[in-house]
Amino acid sequence: MNPYVLYVDDDSANLVVFQSGLSGALPILTATSGEEALALLKQHEVAVLLADQRMPGMTGVQLMEKVRAEHPDVVRLLITAYSDLEASIDAINKGKVDAYFKKPWEPAELTLALTQARDRYIATKWTRELERRLVATERTYALGVVAAGIAHELRNPLTSVSLCLQLARQLLKEKPFEDEQRQAADRNLVDATRAVEAIIEITAAMELSTRQREVASIDLKETVELAIRSVLGEVKARGRLVKELSEVPRIRASRTQVGQVVLNLLINAAQALDEARRSTNVVKVSLKQEGPSIVLKVSDTGAGIPEEVLGRIFDPFFTTKQDGGTGLGLAISRQIVNELGGAIDVDTVPGQGTTFRVRLPVPEVVERKQ
Ligand SMILES: Nc1ncnc2c1ncn2[C@@H]1O[C@H](COP(=O)(O)OP(=O)(O)OP(=O)(O)O)[C@@H](O)[C@H]1O
Ligand SMILES: [Mg+2]
């Protein structure tokens with residue numbers, strides 16, 4: 001982000017003096033009329049507008065009023081002769097102008113003021129961006145809560161449907177149907193049972209995403225399987241999924257939170273894959289015990305992480321995704337893993353792929369002495 005300072009003055013000699021006075025300290029655009037300034041504002045990102053008050057056609061204050069309406073974040077500074085001082089003060093009081101400078105201006109003073117104004121613009125913009133991302137995160141979270149609620153409500157009726165289907169199959173066996181008819185009906189019931197079981201699994205995964213935050217003794221293999229199922233579609237759209245999951249000792253943790261870590265890593269892996277290379281892309285998930293640790297690895301054969309980015313991937317709000325990444329996935333995952341006494345690290349080769357490794361301590365077995 002390198003937004004401009006736009007200086008507007010109908011006297012082009014002043015523009016030249018201004019540019020040499022600033023001697024390259026800030027990126028500058030110049031215009032000789034209000035109309036020209038408005039056109040430039042549409043084409044470039046401008047942080048600070050500095051305008052002379054006395055210009056034929058549109059005056060400085062009139063220009064500021066328009067800019068306030070159309071580009072409210074731009075910091076507006078007016079340059080004014082002594083005779084116009086009253087009009088300038090009035091403009092400040094009405095919020096049309098942020099500050100004014102009297103002619104003739106002092107280059108050092110003006111440079112400092114412009115630098116500060118530009119910094120203010122950048123800080124405001126950055127804050128807006130953070131707010132936008134927070135709102136997006138909250139919305140995603142709220143959506144998750146709603147989805148989990150619906151999933152929860154669906155669970156009982158779905159379980160009943162599943163039981164009814166089993167019962168119907170049982171009854172069918174006892175009825176004196178023609179053999180062929182009976183087989184056809186039974187096949188339909190088997191298909192229906194499978195479909196219902198698939199729905200039950202999906203709703204279980206939806207619930208996992210926000211419910212059950214409470215800490216319990218959990219089976220990691222099962223938790224990982226469930227997380228995999230809920231993003232299987234996204235992964236399969238871009239490549240093959242390979243699982244190598246061993247039974248590991250149970251740990252005390254929140255199923256939701258551990259599931260969230262796996263989900264974040266899997267989604268990142270899927271998003272790193274180039275869709276055009278679907279036939280050779282692979283995402284691999286492995287789980288096993290290695291001495292005192294339980295090790296979960298999620299690897300992909302995707303883009304890899306460039307070195308200049310690597311140091312920041314765990315920072316909250318750091319994202320390289322153009323459309324809609326919050327940059328919270330890895331930050332939250334690391335927080336969760338750290339709270340469990342574990343660690344998360346990454347190994348990557350740009351152009352070849354990335355492996356994220358989560359290590360969690362195997363709980364000590366407490367032996368009770370009699
Ligand atoms: N498997 C991966 N391959 C390549 N880059 C990755 C991988 N995982 C993470 N990254 C990089 O790390 C950045 C931060 O990841 P993080 O999960 O925290 O946020 P995000 O994925 O950008 O956004 P969100 O998770 O909210 O959708 C990503 O934008 C991406 O640049
Ligand atoms: Mg992510």
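**Exercise 1. Find which residues come nearest to ligand 1, and say which helices help to build the shell around it.**

Start with the ligand. In this predicted model, 22 residues surround ligand 1, and the nearest are Asn268, Ala272, Thr319, Gly325 and Gly329. Now ask which elements give two or more residues to that shell: they are helix H8 (255-272) and helix H10 (329-339). H8 is the top contributor, with four residues. Last, sort the shell by class: you get ten nonpolar, ten polar and two charged residues.

**Exercise 2. Describe how H8 and H10 pack against each other.**

Two numbers get you going, since a pair of packed helices is described by the angle between the axes and the distance between them. For H8 and H10, the axes come within 9 Å and cross at roughly 145 degrees. Next comes the handedness: the crossing of H8 past H10 is left-handed.

Then look at who touches whom. On the H8 side you'll find Gln257, Gln260, Val261, Asn264, Leu265 and Asn268, and on the H10 side Gly329, Leu330, Ile332, Ser333, Ile336 and Val337. Split by class, this contact holds six nonpolar and six polar residues, with no charged ones. Spot the link to Exercise 1: Asn268 and Gly329 belong to this contact, and both are also among the residues nearest to ligand 1.

**Exercise 3. Now do the job again for H7 and H8.**

Helix H7 covers residues 220-236, and its axis lies 9 Å from that of H8, at an angle of about 35 degrees. This crossing is right-handed. H7 brings residues including Leu220, Val224, Ala227, Val231 and Glu234, while H8 brings, among others, Arg255, Val258, Val262, Leu266 and Ala270. Count by class and the contact comes to 13 nonpolar, three polar and two charged residues.

**Exercise 4. Locate the cis peptide bond.**

Go to Lys103 and Pro104: the bond joining them is cis, with omega at about -10 degrees. To place Pro104, check its neighbours along the chain. Pro104 sits in the loop between strand E5 (99-102) and helix H5 (107-174).

**Exercise 5. Zoom out: how is the protein divided, and how does its radius of gyration match up with that of a compact globule?**

First, the parts list: ten helices and twelve strands. The domains are domain 1 (4-105), domain 2 (132-210) and domain 3 (212-363). Between the C-alpha centres of domain 1 and domain 3 there are 51 Å.

Second, the overall extent. The C-alpha atoms fill a box of roughly 105 × 55 × 50 Å along the principal axes. Finally, the comparison: a compact globule of 370 residues would have a radius of gyration near 21 Å, whereas this protein has 32 Å.

How values were computed: Residues are numbered from 1 along each chain as its sequence is written. Chains are lettered from A and ligands numbered from 1 in the order in which they are written. This is a predicted model: local features need pLDDT of at least 70, side-chain atom pairs count only at pLDDT 80 or more; totals for chains, interfaces and linings use all residues. A residue is near a molecule or strand if its C-beta atom, placed from the backbone, lies within 6 Å of it. Ala, Val, Leu, Ile, Met, Phe, Trp, Tyr, Cys and Pro count as nonpolar, Asp, Glu, Lys and Arg as charged, and the others, Gly among them, as polar. Axes are lines fitted to C-alpha atoms, for helices over the stretch in contact, and angles run from 0 to 180 degrees between N-to-C directions. A crossing is left-handed if the near helix is turned anticlockwise from the far one by less than a right angle, and right-handed if clockwise. Two residues are in contact if their C-beta atoms, placed from the backbone, lie within 7 Å. Domain bounds come from an automatic or database domain assignment. The radius of gyration is taken over C-alpha atoms; the globule rule is 2.2 Å times the number of residues to the power 0.38.
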